[in-house]
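User: I am new to reading structures, so please take one part and look at it closely. Go through that part step by step, in plain words.

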Amino acid sequence: MNKPSMNPLSANALCFGSDLPAAGVPCHVDISSVGLSIQFSDLPRETVPFTALAVEAGGFDHDQLVVKWASNGVGRTVYLKEPALIVSFRQFVPPELMADLERTAVSVRRARQRRRTFLLVAVGSVLALVLALWLGFDALVRMAVARIPVEWEQAIGESARRELLAGQTVVTEGPAVAAVQEITKRLTDQIEENPYRFKVTVVQSDIVNAFALPGGYVVVFTGLLKKAESPEEVAGVLGHELNHVLLRHGLERIVKTLGLVAVVAIFVGDQSGLIGLAKRLGIELVTLKFGREQETEADLSGLHLLHRAKISSDGMIRFFERLSESDKLQVEMLSTHPMSAARAERLKAEAASLPGQTPEPFGFDWIKVQESLGHWEAGTL
Amino acid sequence: MKSEILYPGAFPMVRVDLASGECVKAESGAMVAAAPTIDVESRIEGGLLGALSRKVLTGEKFFFQTLRATRGAGEVLLAPTVPGDIVILELDGVNEYLVQKDGFLAGAEGVKIESRMQSLSRGLLGGEGFFILRISGRGQLILNSFGAVHKLELKPDQEYVVDNSHLVAWTATTSYNIEKAAAGWIASFTSGEGFVCRFRGPGVVYIQSRNPGGFGAWIRQFIPVSQ
Ligand SMILES: [Zn+2]
């Protein structure tokens, strides 16, 4: 037998290669200033200089140091898991490999953290259950949502956006896109401490609706632009939508829908778990119906945002009134935003309480914007 | 500790020979018969929390019995609950295996058993629960499968896709991702939520030729429903 083998008692690593058994061959590895030396029981010791080595993290928990090189044209992979070996590797490694090793160290640290999540999830589940009974599930959801980092939110929103836009025609340029961007910018410029970078997408569709997805992805359908009598109406809808994002309403719905597991995942810091769960819901994310309280909250904050941006709130109120009267508009908007005449009334009262101001007009011609979308039918509701 | 598979095939049994003072950790309920010199210790592996995590969180009968030859050398006969192969693996202190919780039958005294959580997404999407066993240390590890056991040998970077419910064990050097199964993977009698594991070498993956969940669903159709 000329395959390398080893007395298992002195082995401290496993060596793999296309010519070696798949389970790996036990070997003895030493690290010195020269490089990595490896010995199989029946073969002479071989020393590989650091310059020939590549490192990465590997194994079930990404807690092993995987060292790769080519020996006489044959690829060799060694898995090191003994802490002492990894420490001496770090000690002797030349600066060129240090960056790779640092990356490896990060994933090892992450692995250790994941190991801790095992206990945390156990304890967390019990704690969450107690808290849920004590505070009520809604309060727990809000606490959890407040802890979601913006990056997670973006990942969830991005995935929902991709699903929403699949098979849709995106309008990338033209007066409509410019107009929506201008309206959005007017509004977002007035948001204090805005953690999001709002990204607007205009979609060619007769659907009369707009969405703001977690993380700041705004989707406006051309159907809404066609049906809006003025840009202020669109601004009203966007002001409302943006506040669903700022107030993290979408996340609240998602976490509520996913239940206790999601709450624990958030507290324990398992991003992949939450996003996996969210992805599982898929498109439902987008069409999750907001609650009445959330709608009112988004309405009022939206109105205040319009006011700060010096956009007349008449358009928003008018649009909501039309919405509660018209069956044609209702179908789509109402599926995601329960609407009622009472909401328009509430807005009117709130608008009256705000200090008066002279609205500043937009820099585009709304008629031209609508004409660019073809088939002009505003006001034919 | 020495072990031998008796009646290899669908209904095997393992005979474990223990020297005086030696012990074997066996899945509770696995013991079929034992010499009178063997005592059953219900020692809790991994402390109380470890046992709790195995027992409560895996939602399993999983709890080891330590069978020790306290009063002299003797043999123990062990058998799994389900029909299927038994495999004996040798742990040398360097290699490690991840074992699906139903796959563990017994291990030598030097074998270390931890329950490990897969990441939430792996666990949730995988459907086979959050917990698997990470087994390391030295000595023999005895696994059982439902149906025949098949060994997949993966060279570095070689990939293989396995239906989740057919997994028994894999080496810790293999990395894997759980993916939603494409159409065609899903057995007709299951709920339709199919998941597969994409393994990446180097390492070895043991799979079983029968799917316990699928078999359960098949059996269920013959059980008369009361009321
Ligand atoms: Zn709304």
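Analyst: What follows is a close look at one sheet of chain A and at what packs around it.

This is a predicted model, in which local features need pLDDT of at least 70 and side-chain atom pairs count only at pLDDT 80 or more, while totals for chains, interfaces and linings use all residues. Residues are numbered from 1 along each chain as its sequence is written, chains are lettered from A and ligands numbered from 1 in the order in which they are written, and side-chain values use heavy atoms, with hydrogens and water left out.

Start with the strands. A strand here is a DSSP run of E with at least two residues, and a helix is a run of H or I with at least four; both are numbered from the N terminus. Two strands pair if DSSP finds at least two bridges between them. Four strands of chain A form an open sheet. Their order is β8-β9-β11-β10, and the pairing is mixed. At the edges stand β8 (169–171) and β10 of chain A. Each has a single partner strand, so one side of each has no neighbour in the sheet. Neighbouring strands are turned by 30 degrees against each other on average, direction ignored.

Now take the pairs one at a time. Strand β9(A) covers residues 199–204, and five bridges pair it with β11(A) in the parallel sense. Within this pair, Val202(A) has Val220(A) as its bridge partner. On to β10(A), residues 210–213. Four bridges join it to β11(A), and these two strands run antiparallel. Phe211(A) stands opposite Val219(A), and Ala212(A) stands opposite Val218(A). β10(A) and β11(A) form a hairpin with three residues between the strands. In that hairpin, Gly215(A) takes a positive phi near 90 degrees.

Is β11(A) buried or exposed? Buried means under 20% relative accessible area, exposed means over 50%, and partly exposed lies in between (1.4 Å probe, protein chains only). Strand β11(A) spans residues 217–221, and five of its five residues are buried, so the rest of the structure largely encloses it. Both faces are covered. Tyr217(A), Val219(A) and Phe221(A) are buried on one side, and Val218(A) and Val220(A) on the other.

Next, the helices on the sheet. Axes are lines fitted to C-alpha atoms, for helices over the stretch in contact; angles run from 0 to 180 degrees between N-to-C directions. Contact means heavy atoms within 4.5 Å. Helix α4(A), residues 150–165, packs on the sheet and touches β8, β9, β10 and β11 of chain A. Its direction makes about 20 degrees with that of β11(A). Helix α7(A) packs on the sheet too, touching β10 and β11 of chain A. Its direction makes about 25 degrees with that of β10(A).

Now look at the nonpolar core. Such a core is a set of buried Ala, Val, Leu, Ile, Met, Phe, Trp, Tyr and Cys residues joined through side-chain atoms within 4.5 Å. The largest one has 47 residues. Val218(A) and Val220(A) are among those with the most contacts inside it, along with Ile183(A), Leu187(A), Leu225(A) and Leu238(A). Zoom in on Val218(A), leaving aside its neighbours within four places in sequence. Its contacts include Phe198(A), Val200(A), Phe211(A), Ala212(A), Leu238(A) and Leu242(A). A second, separate core has 24 residues, including Ile31(A), Leu80(A), Phe89(A) and Leu97(A).

Last, follow α7(A) to another partner. Two packed helices are described by the angle between their axes and the distance between the axes. For α7(A) (residues 231–246) and α13(A) (residues 314–325), the angle is about 85 degrees and the axes are 7 Å apart. Angles under 35 degrees count as roughly parallel, over 145 as roughly antiparallel, 65 to 115 as roughly perpendicular and the rest as oblique. These two helices are therefore roughly perpendicular. From α7(A), the contact uses Glu232(A), Glu233(A), Gly236(A), Val237(A) and His240(A). From α13(A) come Gly315(A), Met316(A), Arg318(A), Phe319(A), Phe320(A) and Arg322(A). The contact residues divide into four nonpolar, three polar and four charged. In this scheme Ala, Val, Leu, Ile, Met, Phe, Trp, Tyr, Cys and Pro count as nonpolar, Asp, Glu, Lys and Arg as charged, and the others, Gly among them, as polar.
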